Amino acid sequence: MNQVRKRWNNDETRGQVERIFGRDQLEKVRSCLQALNERIYFSEYHYRQANYFIKKPMEGRTSDEAMLVFLGAFDEDDEPGAWEHFRFSHAHAFACVQNLHSLPDHLAYFAYWALGMDLDEKTRIQRLRDITRTEVNKRLPDPLKEVYSQLVADESFVYIDDLNNHSKHRSLIKVSYQTKFEIDQVKEHGLQFGEFTFGDRSYPARWVLETLRKEHNRQSKFIVAFGNELNATLQAMPARVG
């Protein structure tokens with residue numbers, strides 16, 4: 001997750017919102033932007049913790065010993081065993097999923113206030129609970145709509161969305177420690193999300209850390225692109241306050 005990426009100037013966003021809509025609107029935007037940035041941090045934090053806890057029991061061990069490690073063969077009485085580390089990693093993985101699932105929702109909610117949609121009868125959404133990513137996306141200017149649509153329409157986000165909703169409303173998707181063999185040697189090992197079906201979509205098992213890392217990095221790229229496009233949009237808007 002240590003990727004170099006272009007920055008989104010949050011100060012510019014706040015300054016443009018205040019210039020166009022005034023201090024009261026800025027206060028609405030400020031908390032939304034803080035929540036968005038916290039969710040980005042939380043998703044990365046939980047990924048790092050999931051990665052740490054699943055790799056800790058493997059220190060000094062070879063890939064061929066992986067299953068023995070997680071059967072507790074090398075546990076020491078005075079330390080948390082491999083099974084505990086597995087459970088810690090499992091918990092952080094689902095926390096990461098929940099944050100990745102929520103990021104597009106936070107971005108849409110933030111954009112609603114940053115663009116002053118609540119101040120225009122044509123774009124206003126009457127009830128707060130109806131300010132959803134679908135409704136906001138309908139109201140976005142075309143350049144922002146293009147970026148946002150790429151964020152939420154990608155198969156990797158649809159997977160995270162379905163994984164989260166299945167786990168939230170039905171049952172937790174099974175997570176297990178798996179090894180992949182090639183010519184009688186362990187080629188790959190680690191946590192796997194089990195296969196599941198949600199709606200009319202069926203998903204095979206996927207490696208947990210690879211899935212989370214790729215989606216975090218993908219979302220980060222599009223969120224920054226959205227923020228920069230938002231700043232350009234705001235810069236072109238005239239002030240609406242005296």
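The crossing of helices H1 and H2 is right-handed. In this predicted model, H1 spans residues 10-21 and H2 spans residues 23-55. The two axes come within 8 Å and cross at roughly 155°. Because angles over 145 degrees count as roughly antiparallel, H1 is roughly antiparallel to H2. On the H1 side the contact is formed by Asn-10, Arg-14, Val-17, Glu-18 and Phe-21. These residues meet Arg-23, Gln-25, Leu-26, Val-29, Arg-30, Leu-33 and Asn-37 in H2. By class, the residues of the contact of H1 with H2 divide into five nonpolar, three polar and four charged.

The chain as a whole has eight helices and five strands. Read from the N terminus, its elements run α-α-α-α-α-α-α-β-β-β-β-β-α. Of the 242 residues in the chain, 48% count as buried. Among contacts with a separation of 6 or more, residues 24 or more positions apart account for 70%.

Helix H2 also packs against helix H8. The axes of H2 and H8 come within 11 Å and cross at roughly 160°, which makes H2 roughly antiparallel to H8. H2 passes H8 in a left-handed crossing. From H2, the residues in this contact are Ile-40, Ser-43, Glu-44, Tyr-47, Ala-50, Asn-51 and Ile-54. From H8, the contact is made by Leu-209, Leu-212, Arg-213, His-216 and Ile-223. The contact of H2 with H8 has seven nonpolar, three polar and two charged residues.

A further helix pair consists of H7, residues 155-169, and H8, residues 208-235. Their axes are 10 Å apart, and the packing angle is about 120°. That angle makes H7 oblique to H8. The crossing in which H7 passes H8 is left-handed. Ser-156, Phe-157, Tyr-159 and Ile-160 are the H7 residues in the contact. Their partners in H8 are Thr-211, Leu-212, Glu-215, Arg-218 and Gln-219. The contact of H7 with H8 comprises four nonpolar, three polar and two charged residues. Leu-212 is thus named in the contact of H8 with H7 and in the contact of H8 with H2.

In soluble globular proteins, nonpolar side chains tend to be buried together. The largest nonpolar core of this model has 60 residues. Phe-110, Leu-140, Phe-193 and Leu-212 are the residues with the most contacts inside this core. Helix H4, residues 82-114, gives the most to the core, with 14 residues.

Phe-193, one of those core residues, is found in strand S2. Its relative accessibility is 0%, so Phe-193 counts as buried. Apart from residues up to four places away in sequence, Phe-193 touches Phe-94, Val-97, Tyr-159, Leu-163, Ile-173, Lys-174, Val-175, Ala-205, Arg-206, Val-208 and Leu-212. Among these partners, Tyr-159 belongs to the H7 side of the contact with H8, and Leu-212 belongs to the H8 side. Phe-193 and Tyr-203 are ten residues apart along the chain, and their C-alpha atoms are separated by 9.7 Å.

Ile-173, another partner of Phe-193, is placed in the loop between H7 and strand S1, 175-182. With a relative accessibility of 5%, Ile-173 counts as buried. Beyond its neighbours within four places in sequence, Ile-173 is in contact with Phe-94, Leu-163, His-166, Ser-167, Phe-193, Gly-194 and Phe-196. Ile-173 and Phe-94 are 79 residues apart in sequence, and the distance between them in space is 9.5 Å, C-alpha to C-alpha. Phe-94 and Leu-163 are named among the contacts of Ile-173 and among those of Phe-193.

Strand S2, residues 185-193, also holds Gln-192. The relative accessible area of Gln-192 is 16%, and because buried means under 20%, Gln-192 is buried. Without its neighbours within four places in sequence, Gln-192 is in contact with Lys-174, Val-175, Ser-176, Gln-178, Ala-205, Arg-206, Trp-207 and Val-208. Lys-174, Val-175, Ala-205, Arg-206 and Val-208 appear among the contacts of Gln-192 and also among those of Phe-193.

Conventions: Residues are numbered from 1 along each chain as its sequence is written. This is a predicted model: local features need pLDDT of at least 70, side-chain atom pairs count only at pLDDT 80 or more; totals for chains, interfaces and linings use all residues. Side-chain values use heavy atoms; hydrogens and water are left out. Axes are lines fitted to C-alpha atoms, for helices over the stretch in contact, and angles run from 0 to 180 degrees between N-to-C directions. Helices (H or I, at least four residues) and strands (E, at least two) are DSSP runs, numbered from the N terminus. Angles under 35 degrees count as roughly parallel, over 145 as roughly antiparallel, 65 to 115 as roughly perpendicular and the rest as oblique. A crossing is left-handed if the near helix is turned anticlockwise from the far one by less than a right angle, and right-handed if clockwise. Contact means heavy atoms within 4.5 Å. Ala, Val, Leu, Ile, Met, Phe, Trp, Tyr, Cys and Pro count as nonpolar, Asp, Glu, Lys and Arg as charged, and the others, Gly among them, as polar. A nonpolar core is a set of buried Ala, Val, Leu, Ile, Met, Phe, Trp, Tyr and Cys residues joined through side-chain atoms within 4.5 Å. Buried means under 20% relative accessible area, exposed over 50%, partly exposed in between (1.4 Å probe, protein chains only).
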